[in-house]
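Work through the following exercises with the sequence and the coordinates open beside you. Each task is followed by a solution that proceeds step by step.

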Number of protein chains: 2
Amino acid sequence: MSGVRHLGKALTLKTINPNLIEAQYAVRGIMAQTAAKIRQDLEAGTGSYPFDEITECHVGNPQALGQKPVSFYRQVLSALVNRELLDSPAFPEGVKARARYYIKKSKGNLHGYSEESGFDFVRQAVAQFLERRDDGIKSDPNRIILTDGASNAIDHCFQAIMSSRDQGVMIPIPQYPLYSALIRLYGLNEVPYYLDEESGWQIKTEDLQASYDVAQAKGIKPRAIVIINPGNPTGQVLTEDTIKKIVEFAHDNQIVIFADEVYQQNIYREDRKFVSFKKVLANMPKPYSANTDLISFNSTSKGILGECGARGGYIEWFNIDPEVETQLHKLKSLKTCANINGQLFIDMMVRPPTEEENGKEVTENFKKERSALFESLKRRSNLVYESMNEMKGITCNKIEGAMYAFPRIHLPEKAIQEAKNQNLEPDLFYTLEALKATGICTVQGSGFKQKPGEYHFRITTLVSEDKLARKMESLKKFNDSFMDKYA
Amino acid sequence: MSGVRHLGKALTLKTINPNLIEAQYAVRGIMAQTAAKIRQDLEAGTGSYPFDEITECHVGNPQALGQKPVSFYRQVLSALVNRELLDSPAFPEGVKARARYYIKKSKGNLHGYSEESGFDFVRQAVAQFLERRDDGIKSDPNRIILTDGASNAIDHCFQAIMSSRDQGVMIPIPQYPLYSALIRLYGLNEVPYYLDEESGWQIKTEDLQASYDVAQAKGIKPRAIVIINPGNPTGQVLTEDTIKKIVEFAHDNQIVIFADEVYQQNIYREDRKFVSFKKVLANMPKPYSANTDLISFNSTSKGILGECGARGGYIEWFNIDPEVETQLHKLKSLKTCANINGQLFIDMMVRPPTEEENGKEVTENFKKERSALFESLKRRSNLVYESMNEMKGITCNKIEGAMYAFPRIHLPEKAIQEAKNQNLEPDLFYTLEALKATGICTVQGSGFKQKPGEYHFRITTLVSEDKLARKMESLKKFNDSFMDKYA
């Protein structure tokens, strides 16, 4: 080649994946970035703020707010990663028993690559757990894949299943923003269905068909419906009857159900119970029970574990064409097995210690810790709900499950005007002002999508009990003066 | 809706992602599946085989073959996951020092979600390591993303960068099958360039332009060139001069370099040294140094750590358009942070213990363990190379680096005929016969692609030293009688 060519860079916004450019992810967007900047100021001692810490209420990240891990899980993992501990007489025998079980089951290859879809013995344990949970409905370990958290599980299924620009995915509004982001990333179309705030964010199943038909009229083929149960950000717990109607709808329109059930252990309302899509579907008459495609997701990041950094998750499917099953496993083999630590957390989540295996002391201590965590999650969720409804211009549904409140902000016209002057979504204006006044980082409702002209925000219920009341007071003080200012 | 519709399943091979259906991944394909079946037979005591164990030489998975982990890494992790250990006087103080460092750096949020692109303090440590490695060439932590292993890192960049069906990716032949699989998955085109077996699998840089031009003539736009250095499956280590020529080629054709450098610590030939693409590129004159897009990958699964199940990896880039940098980070935020255990392994890989921080005993023990592992990897790699060349009809290049031999099988015509009768690729026929005769699981060369009419297989050099000579004898016995049978 004669002479040096002077060319621009290979990669520019014009050459890379255009779908990525369009994708947005609010939970880790402007609010998180602004909070991170303020934290840097606080640490550096620069800037002047009326608070001394950032309170991270924008992500469901329990341990970041001081939630203590359950000892049993952590003790077992420490003995596995560092086998010297198994020789220590100080280490509880009940814990050693579980560690030795994993060493035996993994046949000397615990921390290398496992089978691509996850350790067979963990997938068997998950299947047994699901059979117990669903009162005997059969679960097949070959229809389970272990993943690096539920986000990875959901991404896996989107990538495997969705294939063309005319396909659509039905998502609840409000929704968890991972879904809208993946829809963009894979070049698909959002097909929204609205949750009903009046009835505690329940799904109005009679609206689903209309939503489907509108999409089809536009040339979009809905291929999947996403259901988040318990809801995120909305916390509602679905009744068996609602689930049945959704199954009928999915079957009759030949679309797959994505059941995001990561909050299945986080239910605080006494008269609500988690019922899985699988259990309801399998107990329905034919053809529904035999012919409705279902894929469900679970995680170690939520529930009582709250082990977000472990990245443990799984996919279970039901009624999926065997040829498609092969492709789901193949995609996982190409992406390499999930991290082993996360796989072991999944096993411990589905197989808590028992007196038989782990002795009375370890088992009772585990139960005590677990129940204290659950009760505290419940108390905090109630306190947030009550606090919200004491604030001017704020209304909030009872939090049935999950880890969030999603209160509605009845914004005065002047506040909306001021937001527009600042070129901000009105609820983002509110959450940014709240952050600057209190250090509490929430997420604007528009990040989750909402009915046009309505405004909300999402706040986690995870601040530790020694601080929560104080933080709620501080938020109330900000809110009430904000409402007065723009009244 | 009146009456029940009887429809088929929502998901079928006709409706799911057609690119996935076409993707293949040989390392976890027929050979691995056949080996798994035989292992089940052996465990159940069914079937009759002339061996009593499967020897997994198909995946670079050191600990599965008995490689002991380095104590320091594991001790630190055990104390982090289970903080009780920090109070134990039996626990080495030098290890506690490192554990306390991580607790401090993570500001009380070690095992929750970290920053989306990975802990800032780990990315800073990686940048400092890269600056030392590359003799002062600057590295920016904001141009580093921590990932769940290198496979995930490579997938990340493919998904972010590649955008349309007319784009191509240049890959070496033979190549690591992840690349051909991702090319299919993202609907792209393979643009092959051949490695030269005669010269020890070096890249003939004068052929690159021809390969590019052929693709372009077919309407394909090459957008990236993948370089694996040290090579997988071929083990060659590139010289500085070769790297320079590749940079010139990439620059002059405005394509991004994907430098897969996961074996950078695995170099066994005394007169070869790892030189990174970044160091070479940054030291070249303008416009090459200022205008050639480079993305490189590293992992905790290879090197001396061999911690495959930790899924630790990172991406570093150089000369990437700032708008594209934002998109690379955004994609990671949407997919959630890498698992924390893997992030901590990355930190320990780039920051080994020092006398100053961890005391003399811990540091010297670490060095001793690490050097024993390296010397053993080197001895085994030489033994495999020598054994291969003692077998009838087998020739094998010296293994300069990585963890594999990729010997050529000079298959007799009768063997090729027999393979065709059985509807098998000839080298798959050979590796399947070897597996059935010896229990040693390798991978057929066709899985990595090779010149038409040539046959190879890949075998890892990771069998433990107490077994390796015996396994090589067993393979020789099979091979020589195979060659005699089909002579």
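**Exercise 1.** Is the crossing of H16(B) and H17(B) left-handed or right-handed? Describe also the angle of this pair and the residues that make the contact.

*Solution.* The model is a predicted one, and the answer to the opening question is that H16(B) and H17(B) cross in the right-handed sense. For the geometry, take helix H16 (residues 426-438) of chain B and helix H17 (residues 465-485) of chain B, whose axes come within 10 Å and cross at roughly 125°. Angles of 65 to 115 degrees count as roughly perpendicular and those over 145 as roughly antiparallel; H16(B) and H17(B) are therefore oblique to each other. On the side of H16(B) the contact is made by B:Glu433, B:Ala434, B:Ala437 and B:Thr438, while H17(B) contributes B:Ser474, B:Leu475, B:Phe478 and B:Phe482. Sorted by character, the residues of this contact comprise five nonpolar, two polar and one charged.

**Exercise 2.** Which residues of H7(A) are buried, and against which elements do they pack?

*Solution.* Helix H7 (residues 177-185) of chain A has nine of its nine residues buried, so it is largely enclosed by the rest of the structure. The buried residues of H7(A) are A:Pro177, A:Leu178, A:Tyr179, A:Ser180, A:Ala181, A:Leu182, A:Ile183, A:Arg184 and A:Leu185. Within chain A, these residues pack against helix H1 (18-22), helix H6 (149-161), strand S3 (167-173), strand S4 (189-196) and strand S6 (221-228), and helix H12 (322-335) of chain B joins them in the packing. Continuing along the chain, one finds A:Gly187 just after H7(A), with a positive phi of about 65°.

**Exercise 3.** How many residues of chain B are in contact with chain A, and which element gives the most to that side of chain B?

*Solution.* The count is 76 residues of chain B in contact with 77 residues of chain A. Elements that give two or more residues to this side of chain B are helix H1 (18-22), helix H3 (71-81), helix H6 (149-161), H12 and helix H13 (340-350) of chain B. H12(B) gives the most, with seven residues. By character, the side of chain B that touches chain A divides into 34 nonpolar, 28 polar and 14 charged residues.

**Exercise 4.** What turn and what shift lay chain B on chain A?

*Solution.* A turn of 180° with a shift of 0.0 Å along the axis lays chain B on chain A with an RMSD of 0.0 Å, which means that the relation is that of a two-fold axis. In chain B, the C-alpha nearest this axis belongs to B:Ser78, at 2.1 Å from it. Finally, the same surface serves both copies, since 100% of the contact residues of chain B recur in chain A.

Note on methods:
Residues are numbered from 1 along each chain as its sequence is written. Chains are lettered from A and ligands numbered from 1 in the order in which they are written. This is a predicted model: local features need pLDDT of at least 70, side-chain atom pairs count only at pLDDT 80 or more; totals for chains, interfaces and linings use all residues. Axes are lines fitted to C-alpha atoms, for helices over the stretch in contact, and angles run from 0 to 180 degrees between N-to-C directions. Helices (H or I, at least four residues) and strands (E, at least two) are DSSP runs, numbered from the N terminus. Angles under 35 degrees count as roughly parallel, over 145 as roughly antiparallel, 65 to 115 as roughly perpendicular and the rest as oblique. A crossing is left-handed if the near helix is turned anticlockwise from the far one by less than a right angle, and right-handed if clockwise. Two residues are in contact if their C-beta atoms, placed from the backbone, lie within 7 Å. Ala, Val, Leu, Ile, Met, Phe, Trp, Tyr, Cys and Pro count as nonpolar, Asp, Glu, Lys and Arg as charged, and the others, Gly among them, as polar. Copies are superposed by least squares on the C-alpha atoms of residues with pLDDT of at least 70 in both. A residue is buried if 20 or more other C-beta atoms lie within 10 Å of its own, exposed if 12 or fewer, and partly exposed in between; C-beta atoms are placed from the backbone.
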